[in-house]
Amino acid sequence: MILFGDRLMEKTQVKIDIEDRAYQFGDGIYEVIRVYNGQPFYLNEHLTRLEKSAKAIRLPLPYSINKMESLLQQLLEQSSITDGKIYLQISRGISPRNHAFPLNAKPILVAYLDAIDRPVTKLEHGISAITTADLRWLRCDIKSLNLLPAVLAKQEAVDQGCEEALLVRDEKITEGSSSNVFFVQQGKLITHPSNHLILHGITRHIAIELAHQLKIPIVYQALSQQQLEQIDECFITSTTVEICPVVQIDGKSVGNGKPGPITRRLQQAFAEIIPAPTNV
Ligand code: PDD
């Protein structure tokens, strides 16, 4: 079932107009929300970020946050899926193709739930990454539907047999193509400051909170590509990959090539806040 506007309907009944601005311009915003054991994880934080993204692109939200919460609840209740991810997007609406904002278009919400499992193999053994140029715009803090540079970067990683691309802008690593990135050097966590060059990931925020609780010091600084030589550990964070070790970057081992102790402590702490995992 798909939530289309404020109605739940079968996927086959949903009609997407070819003049939908999400389709023609990528003119819209989105969120990906994890559902563990039937409960949306950090839902308020996701809806707050959605509200910020909407404001940043001058898109009036079609419903209040409370209304969206109850619509998502209905989506969850009619589904037999207990562990999955909600994809939610809001387009600026339908109008004859013209770059400027249409006068009368009504924003359209679409949301659905897909079953996913925790990526246990990646969490256990880690993943490999490449570095590549960050070709994105200067408002990466907006969760916009324009994902072409991220798509190209991820494909470059996949073409090289890797799972993620770490993006480099002005010789500094910003984030992953669909994740935030952290490094560990001499017992300290290093992550890019939360400015316009990265998405302010909800999982990044959780990792930072957990690090505070575990008294792991954090430095908010962009790491240069050359500094990769000196790091002991690396991990990425996202709604779907959680806290995932990166054990190889551009063909070189990170540390001893195995997930490091600080990454493991944070992964453990993260696992403890997941509502009753059913498939680990
Ligand atoms: N991506 N940075 C980028 C560029 C992202 O696309 C994402 C998430 C993140 C992590 O954010 P969060 O922890 O809030 O999921 C960071 C989602 C999952 C996606 O596009 O599928």
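Okay, let's begin with one term: a nonpolar core is a set of buried Ala, Val, Leu, Ile, Met, Phe, Trp, Tyr and Cys residues joined through side-chain atoms within 4.5 Å. Keep that in your head, and keep in mind too that what we're looking at is a predicted model.

So, which residues have the most contacts inside the largest nonpolar core? They are Ile29, Leu72, Ile86, Ile90 and Ala111, and the core they belong to has 23 residues. Two or more residues come from each of β3, α2, α3 (65-77), β5 and β6 (108-115). The helix α3 gives the most, with five residues. As a bit of background, in soluble globular proteins nonpolar side chains tend to be buried together.

Zoom in on Leu72 for a second. If you leave aside its neighbours within four places in sequence, Leu72 is in contact with Leu3, Ile33, Leu43, Leu47, Ile86, Leu88 and Ala111. There's also a second, separate core, this one of 20 residues, and it includes Tyr36, Leu189, Leu210 and Ala211. Hang on to Tyr36, please; we'll meet that residue again.

Now the sheet. Strands of a sheet pair through backbone hydrogen bonds, either parallel or antiparallel. Which of the two do we have here, parallel or antiparallel? The pairing is antiparallel, and six strands make an open sheet in the order β2-β1-β6-β5-β3-β4. At the edges sit β2 (7-9) and β4, each of which pairs on one side only. Lying against this sheet is α2, which touches β3, β4 and β5 (84-91). The direction of α2 makes about 175° with that of β3.

Let's walk across a few of those strands. Between β3 (residues 28-36) and β4 there are two bridges, and the two strands run antiparallel. Here's our friend Tyr36 again, standing opposite Gln39 in β4. Going the other way, β3 is joined to β5 by eight bridges, again antiparallel. On that side, Glu31 stands opposite Leu88 in β5. Then β5 is joined to β6, also by eight bridges and also antiparallel. Leu88 has a bridge partner in β6 as well, and that partner is Ala111. You may remember Leu88 and Ala111 from the contact list of Leu72.

Why do we say that β5 is largely enclosed by the rest of the structure? Because six of its eight residues are buried.

Right, on to the rings. A pair of aromatic rings is described by the distance of the centres and the angle of the planes. This structure holds six aromatic pairs. One of them is Phe41 with Tyr42, edge-to-face, at 4.8 Å centre to centre and with 70° between the planes. Are these two residues buried or exposed? Phe41 has a relative accessible area of 9%, so it counts as buried. Tyr42 is at 25%, so it counts as partly exposed.

Phe41 has another partner, Phe270: the ring centres are 5.8 Å apart and the planes are at 75°, so this pair is edge-to-face too. Why does this pair tie together parts that are 229 residues apart in sequence? Because Phe41 lies in the loop between β4 (39-40) and α2 (43-56), while Phe270 is in helix α7 (residues 261-273). Both Phe41 and Phe270 are buried. Put the ring pairs together and you get a cluster of Tyr36, Phe41, Tyr42 and Phe270. So Tyr36 turns up in the second core, opposite Gln39, and in this ring cluster.

One more ring before we leave the topic: Arg92 lies over the face of Phe101, at 3.7 Å from the ring centre.

Last topic, the backbone. Most residues other than glycine have a negative phi, and most peptide bonds are trans. Tyr42 has a positive phi, near 55°, and its place is in the loop between β4 and α2. Glu242 has a positive phi as well, near 60°. That residue is found in strand β15 (residues 242-249). With a relative accessibility of 1%, Glu242 counts as buried.

And finally, a glycine. Gly260 lies in the loop between β16 (252-253) and α7, and it is buried, with a relative accessible area of 8%. How far apart are the C-alpha atoms of Gly260 and Pro275? They are separated by 25 Å, and the two residues are 15 residues apart along the chain.

That's my tour, thanks for listening!

Notes. Residues numbered from 1 in each chain as written. Predicted model: local features only at pLDDT ≥ 70, side-chain atom pairs only at ≥ 80, totals over all residues. Heavy atoms only, no water. Phe/Tyr/Trp six-rings, centres within 6.5 Å; stacked < 30°, edge-to-face > 60°. Buried < 20%, exposed > 50% of the residue type's maximum accessible area, 1.4 Å probe, protein only. Helix = DSSP H or I, 4+ residues; strand = E, 2+ residues; numbered from the N terminus. Lys NZ or Arg CZ within 6 Å of the ring centre and 35° of its normal. Pairing = 2+ DSSP bridges. Contact = heavy atoms within 4.5 Å. Axes fitted to C-alpha atoms, helices over the stretch in contact; angles between N-to-C directions.
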